Amino acid sequence: MTEHTNCLRCGRVLRNTKSIAAGYGPTCKAKVRAAAKAEIIATYKPHQIEKAHELIEQGALIPLRGHIYLAVSSDGTETYRTHRAACNCKAGLKGHHVCKHRIAAHILSLAA
Ligand SMILES: [Zn+2]
Ligand SMILES: [Zn+2]
């Protein structure tokens with residue numbers, strides 16, 4: 001699992017092990033959770049939202065620029081470029097469904 005020395009949202013140094021694993025300090029984690037309100041609930045199904053939150057709280061989405069995120073695959077071997085409107089993972093390229101990376105990027109862009 002990736003370790004993060006700084007908060008992925010505000011860049012502050014992370015000190016406790018839980019925050020280091022998640023990539024967010026407690027305040028930013030709460031802000032990310034809070035950002036996923038009406039807009040997200042109206043757009044995606046609950047199990048999709050839960051998967052996206054899991055991804056975020058594993059620190060698997062690293063902000064690049066302009067709401068584009070680098071998403072790390074669960075086994076850590078692949079990375080994808082993700083934006084709420086597009087993702088280059090296998091599911092994203094097929095385009096039949098919105099992949100969890102895109103939902104996570106959407107949530108994070110609201111929390112930015
Ligand atoms: Zn923070
Ligand atoms: Zn994806």
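This note sets out, point by point, the sheet, the helices packed near it and one residue of the N-terminal segment in a predicted model.

1. The sheet as a whole. Four strands make up an open sheet, arranged in the order S1-S2-S3-S4, and their pairing is antiparallel. At the edges stand strand S1 (61-65) and strand S4 (86-87), each of which pairs on one side only.

2. Strands S2 and S3. These two strands run antiparallel and are joined by four bridges. One of the paired positions involves leucine 70, whose bridge partner in S3 is arginine 81. S2 and S3 form a hairpin, with six residues lying between the two strands. Within that turn, glycine 76 has a positive phi of about 75°.

3. Strands S3 and S4. Strand S3 (residues 79-83) also pairs with S4, in the antiparallel sense and over two bridges. Threonine 82 has cysteine 87 of S4 as its bridge partner. The connection is again a hairpin, here passing from S3 to S4 through two residues.

4. The two faces of S3. Which residues of S3 lie on the covered face, and which on the uncovered one? Tyr80 and Thr82 belong to the covered face, whereas Thr79, Arg81 and His83 belong to the uncovered face. The student may compare this with a general rule: in a regular strand, side chains alternate between the two faces of the sheet.

5. Helix H6 over the sheet. Helix H6 (residues 100-111) lies across S1, strand S2 (68-72), S3 and S4. The direction of H6 is at about 50° to S3. The next two points concern helices that meet H6.

6. Helix H4 against H6. The axes of helix H4 (residues 46-57) and H6 come within 8 Å and cross at roughly 75°. Because angles of 65 to 115 degrees count as roughly perpendicular, H4 is described as roughly perpendicular to H6. On the H4 side, the contact is made by Gln48, Ile49, Lys51, Ala52, Leu55 and Ile56. H6 contributes Lys100, His101, Ile103, Ala104, Ile107 and Leu108. Sorted by class, the residues of this contact are eight nonpolar, two polar and two charged.

7. Helix H2 against H6. What is the angle at which the axes of helix H2 (residues 26-35) and H6 cross? The crossing is at roughly 110°, and the axes come within 8 Å. H2 is therefore roughly perpendicular to H6. The crossing of H2 and H6 is right-handed. Lys31, Val32 and Ala35 of H2 meet Ile107, Leu108, Leu110 and Ala111 of H6. By class, this contact has six nonpolar residues, no polar ones and one charged residue. Ile107 and Leu108 of H6 thus appear in the contact with H2 and also in the contact with H4.

8. Histidine 4. This residue is found in the segment that precedes helix H1 (17-22). Is histidine 4 buried, exposed or partly exposed? Histidine 4 has 16 other C-beta atoms within 10 Å, and a residue counts as buried at 20 or more and as exposed at 12 or fewer, so histidine 4 is partly exposed. Leaving aside residues up to four places away in sequence, histidine 4 touches Leu14, Ile20, Gly23 and Gly59. The C-alpha atoms of histidine 4 and glutamine 58 are separated by 10.0 Å, although these residues are 54 residues apart along the chain.

Key: Residues numbered from 1 in each chain as written. Chains lettered and ligands numbered in written order. Predicted model: local features only at pLDDT ≥ 70, side-chain atom pairs only at ≥ 80, totals over all residues. Pairing = 2+ DSSP bridges. Contact = placed C-beta atoms within 7 Å. Axes fitted to C-alpha atoms, helices over the stretch in contact; angles between N-to-C directions. Parallel < 35°, antiparallel > 145°, perpendicular 65-115°, else oblique. Nonpolar A, V, L, I, M, F, W, Y, C, P; charged D, E, K, R; others polar. Left-handed = near helix turned anticlockwise from the far one by under 90°.
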